[in-house]
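Colleague: Could you walk me through this one? I can see ribbons, but I'd like to learn how to read them.

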Amino acid sequence: MDIFEPALNYLESMLGKATGFYPYFRVVRSSDGPVVDVGGRRVVMLGSNNYLGLTHHPDVVKAAHDAIDRYGVGCTGSRFLNGNLDLHEQLEAELAEFTGKEEAVVFSSGVLANIGTLGLLGAPAGSIIFLAAENHASLFDGARLSHARIALFDDVADLERKLSYRSTWENALVVTDGVFSMTGRVADLAAIVELKRRFGFRLYLDDAHGFGVLGNQGRGTADSQGVTKDVDLLFATFSKSLASIGSFLAGDRAVIEYLRHSVRTLIFSAALPPASAAAALAALHVMRRDSHLFDQMWDNARFFREGVEALGYHTLGSRTPIVPLFIGSETLAFQVCREAFEMGLFTTPAMYPAVPKGHAIIRTSVTPAHTREHLQRALDVFADIITRLPIPREDPATIPQTRDTDIAEAALQYLAELEANAQVGKSG
């Protein structure tokens, strides 16, 4: 078999495009934060992870400019060898102090950190990694790379059932998101910590969507539930609330020292660029001093969530700035996304494998940078859409998953209609 055969037979993106709207890789020409230019059209951005709206904060922008002036645009090597800046070390020290951990280590991306760290920690013979089923894809990839045994759990009760087969799990790592990125649901960390005390496993928290949102000054999901000291490794990214790119892990000094010298995706990756490190550091400073940001974020999130729920949309129990709108059909999600865009909103559909088949959503998120006018405009658009399209009104929990998505069926129907119209044109 030609090793390129899967690529040569790849049809999924073509089928998506054949439905008449392809919602991925859209080109943003400019941005002022809550409003972006896409193809010459200015639309309200509801599809970002810019939870604190800091991508255009003057202090953050200035810090990035200053870092370029001082260090240049890149480190041209890994931190292990020639790319370790005082900026990286300052960022690590301040993150360790902020999270209440002994040390922190900075990575060039969140995906690299999760894949490399889980790939390393699960490598010893006999290891087992328990993964929350809604976790980010990079956690699954890291666990698979480690060759550890993998066990999935749906919720705390399911985790407890699976742990109950033995009295202790010293060889186990339980890995969970703090805030699940698609649904905005918050993990019950306090209950997981209770299990940790009973069964003795280690706990890895991916708080990419909780850091900068929940807890005192944005310290995250563990802080909001009073269990930070029980989390063995706390992970978060800079590409959400901290308005940059990169990530960090915080934990005990001995563990971080081991990771710093052993995680291959750290050692063999170019260092986080100076502007990105400086922007993340400046954003952390803004986050710590400006409580108004959190007040505005929660006020906007509450206004928008209550608004779409009043219109009849199901939001899957989210109580964070992530506000998912349950749609069900993948094709319908594409249509909602297209019509919202035509009416001035940038939204993103989420479908399998990010969510179960037949449970597609429109994932929206709001920020402190959105004005009430932006959000009311969005509500007006979704009010119009729900009066014209068959958006499910019943509880998504009562709707079974489907065996497959309906994208292929819709694409083939669309192509058949195009062909039929072409034939009519020829005969006419």
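Modeller: Let's go through the sheets, the helices on them, the hairpins and then a few odd backbone spots. Keep in mind that this is a predicted model.

Colleague: Let's start with sheets. In what order do the strands of the open sheet of 7 strands lie?

Modeller: To read a sheet, walk across it from one edge to the other. Here the walk goes β4-β10-β9-β8-β7-β5-β6, and the pairing is mixed. The edges are β4 (103–107) and β6 (149–153), each of which pairs on one side only. From one strand to the next, the twist averages 20°.

Colleague: And how do β5 and β6 pair?

Modeller: In the parallel sense, over 5 bridges, with β5 covering residues 128–132. If you want a spot to click on, try Phe-130, whose bridge partner in β6 is Ala-151.

Colleague: Which helices should I look for on that sheet?

Modeller: For a helix on a sheet, ask which strands the helix touches and at what angle it runs. Helix α4 (residues 86–99) packs on this sheet and touches β4, β9 (233–237) and β10 (247–251). The direction of α4 makes about 130° with that of β4. Then there is helix α7 (residues 156–163), which lies across β5, β6 and β7 (172–177). Helix α7 runs at about 140° to β6.

Colleague: How do I work out which way a helix faces?

Modeller: An α-helix has 3.6 residues a turn, so residues three or four places apart point the same way. Try that on helix α6 (residues 137–146): its buried residues are Ser-138, Leu-139, Phe-140, Gly-142, Ala-143 and Ser-146.

Colleague: What do those buried residues of α6 pack against?

Modeller: Their neighbours are α5 (110–121), β5, β6, β7 and β8 (202–206).

Colleague: Okay, what about the open sheet of 3 strands: in what order do they lie?

Modeller: Same walk, shorter list: β11-β14-β13, with antiparallel pairing. The edge strands are β11 (322–328) and β13 (348–350), and each pairs on one side only. The twist there averages 30° from one strand to the next. Strands β11 and β14 (residues 360–365) run antiparallel and are joined by 6 bridges. Look for Val-323, which stands opposite Thr-364 in β14.

Colleague: Now hairpins. How many residues sit between β1 and β2?

Modeller: With a hairpin, check the two strands and then the turn that links them. β1 and β2 have 3 residues between them, and Gly-33 in the turn has a positive phi of about 105°. β1 (residues 28–31) pairs with β2 in the antiparallel sense over 3 bridges, and Ser-31 stands opposite Val-36.

β2 also makes a hairpin with β3, this time with 2 residues between them. Gly-39 in that turn has a positive phi of about 60°. The pairing of β2 and β3 (residues 41–45) is antiparallel over 4 bridges, with Asp-37 opposite Arg-42.

Colleague: In strand β2, which residues point which way?

Modeller: Val-35 and Asp-37 point one way, Val-36 and Val-38 the other way, and all are buried.

Colleague: You promised odd backbone spots. What counts as odd?

Modeller: Most residues other than glycine have a negative phi, and most peptide bonds are trans. Against that background, His-147 stands out: its phi is near 70°, a positive value in a residue other than glycine. You'll find His-147 just after α6, in the loop between α6 and β6.

Colleague: Is His-147 buried or exposed?

Modeller: Exposed, with a relative accessible area of 74%. Leu-316 also has a positive phi, near 60°, and belongs to the loop between α13 (291–311) and β11.

Colleague: Where is the cis peptide bond?

Modeller: From Tyr-352 to Pro-353, with omega near 10°. Pro-353 is in the loop between β13 and β14.

Colleague: One last thing: is a loop residue such as Thr-347 buried or exposed?

Modeller: Don't guess from the ribbon; check the accessibility. Thr-347 is in the loop between β12 (345–346) and β13, and at 0% relative accessibility it counts as buried. Setting aside residues up to four places away in sequence, Thr-347 touches Arg-26, Leu-46, Cys-337, Ala-340, Ile-362, Thr-364 and Phe-382.

Terms used. Residues numbered from 1 in each chain as written. Predicted model: local features only at pLDDT ≥ 70, side-chain atom pairs only at ≥ 80, totals over all residues. Heavy atoms only, no water. Pairing = 2+ DSSP bridges. Axes fitted to C-alpha atoms, helices over the stretch in contact; angles between N-to-C directions. Contact = heavy atoms within 4.5 Å. Buried < 20%, exposed > 50% of the residue type's maximum accessible area, 1.4 Å probe, protein only.
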